[in-house]
Amino acid sequence: MNTILRIAIQKSGRLSESSLNLIKECGIRFSNGGGKLKSSSTNFPLEFLFLRDDDIPGYVEDGVADIGIVGENEMAEKNKDIEVVKKLGFSKCRLSLAIPKSDDYNDIQDLDGKSIATSYPNILKSYLAKNNIQAEIHEISGSVEIAPGIGLAEAICDIVSSGSTLLSNGLKEVETIFKSEAVLIANKTLTREKQELVNQLTFRMDAVQTGKNNKYILLNAPNDKLEEIIKLLPGMKSPTVLPLARSGWSSIHSVITEDEFWERIQNLREVGAQGILIVPIEKMIL
Ligand code: PRT
Ligand code: ZN
């Protein structure tokens with residue numbers, strides 16, 4: 001029988017769309033309409049299970065799913081015996097402690113003896129223990145940000161992204177205790193055949209991610225500036241240099257990372273680059 005890999009994806013929520021987009025960008029076709037619980041790919045041996053994110057680490061540990069996509073926060077909280085295959089770079093957020101805006105705060109000692117509401121009791125417990133803080137943890141499953149306002153707790157520990165939820169609830173962020181992004185997780189006892197499918201999938205994911213982190217750059221420059229420009233654009237091996245129809249000029253093609261992009265463009269203009277074109281890269285294999 002042909003081996004089929006099972007992936008658990010969040011059914012609906014903040015991880016769903018980006019998870020499915022990543023799989024589509026890997027060239028894997030499937031249908032996920034109609035709120036189905038399961039689906040299969042038509043061109044890759046992959047079966048999808050659509051679940052609540054809270055259940056994904058457990059299902060991957062049990063082998064109901066072979067791999068899954070979850071936030072690192074959920075994975076750390078559930079503390080299952082699973083493997084992180086790779087970080088996926090989306091759904092970035094942090095787990096932070098926050099208190100009412102008007103309360104004084106100097107350091108973590110100020111939370112000693114206080115009550116803290118959270119949906120992440122395990123991560124919070126270990127953070128407090130590491131810092132020798134005794135606090136009463138109230139585990140609640142949602143709307144944590146309203147806890148101080150209704151008198152349930154004096155502080156909260158919750159996921160923060162833009163910070164606007166804290167702000168609109170009269171709270172201020174005082175400590176970041178955990179940083180998170182989406183990760184691909186896997187069962188630790190996959191068969192060799194399934195591991196091979198995971199390798200094929202992560203090879204494609206790497207190509208998509210590397211493509212996103214880089215841009216293709218084309219520019220024109222006078223030949224006497226080529227050396228300086230090449231120093232600024234090392235490229236994958238070295239840049240391509242092609243002569244222009246106009247004598248004394250060349251076209252230079254290379255790859256540039258997203259992080260250093262604006263600084264490099266500035267430097268390139270300063271040394272005489274003209275007609276700079278930047279093109280997105282769909283996939284990049286190093
Ligand atoms: O139904 P299911 O259990 O599957 O989903 P869920 O409601 O538990 O999770 P969901 O979809 O809200 O989030 C899934 C994952 O996305 C989380 O586990 C995090 O890893 C990640 N993530 C990224 C976030 C956020 N950003 C985020 N902003 N998860 C939650 N939030 C919430 C936070 O709880 C708070 O209420 O957004 C609010 C804060 O956002 P800002 O922008 O106002 O700071
Ligand atoms: Zn959840």
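**Close-up views of the ligand 1 and zinc sites**

**View 1. Polar contacts to ligand 1.** A polar side-chain atom of Arg-52 sits 2.8 Å from an oxygen atom of ligand 1. The model is predicted. Asp-53 also places a polar side-chain atom by an oxygen atom of ligand 1, at 2.9 Å. For Thr-165, the distance from a polar side-chain atom to a ligand 1 oxygen atom is 2.5 Å. On its own, ligand 1 has 830 Å² of accessible area, and the protein covers 79% of that.

**View 2. The surroundings of ligand 1.** Ligand 1 takes up the space of the largest pocket. It is surrounded by 20 residues. The closest are Asp-54, Asn-73, Ser-162, Gly-163 and Thr-165.

**View 3. Protein donors of the zinc ion.** The zinc ion (ligand 2) has two named protein donors, Asp-53 (OD) and Asp-54 (OD). These donors lie 1.9 to 2.0 Å from the zinc ion. Asp-53 thus appears in two views: it is a zinc donor, and its side chain has a polar atom 2.9 Å from a ligand 1 oxygen atom. Asp-54 is likewise a zinc donor and is listed among the closest residues to ligand 1.

**View 4. Geometry at the zinc ion.** Around the zinc ion (ligand 2) there are 4 donor atoms. Their angles run from 78 to 169°, so the arrangement is irregular.

**View 5. Exposure of the two aspartates.** Asp-53 has a relative accessible area of 18%, so it counts as buried, the cut-off being under 20%. Asp-54 has 25% relative accessibility and is therefore partly exposed.

Technical notes. Residues numbered from 1 in each chain as written. Chains lettered and ligands numbered in written order. Predicted model: local features only at pLDDT ≥ 70, side-chain atom pairs only at ≥ 80, totals over all residues. Heavy atoms only, no water. Donors = N, O, S within 2.8 Å, 3.2 Å for Na, K, Ca; no water. Tetrahedral: all angles 85-135°; square planar, octahedral: opposite > 155°, others 65-115°. Buried < 20%, exposed > 50% of the residue type's maximum accessible area, 1.4 Å probe, protein only. Near = heavy atom within 4 Å. Polar contact = N/O pair within 3.5 Å; in protein donor to acceptor, adjacent residues only side chain to side chain. Areas by Shrake-Rupley, 256 points an atom, 1.4 Å probe, with all protein chains shown as cover. 1 Å grid on protein atoms, 1.4 Å probe; cavity = no way out; pocket = protein on both sides within 12 Å on 5 of 7 lines; lining within 4 Å. Sits in = over half its atoms within 2 Å of the grid points.
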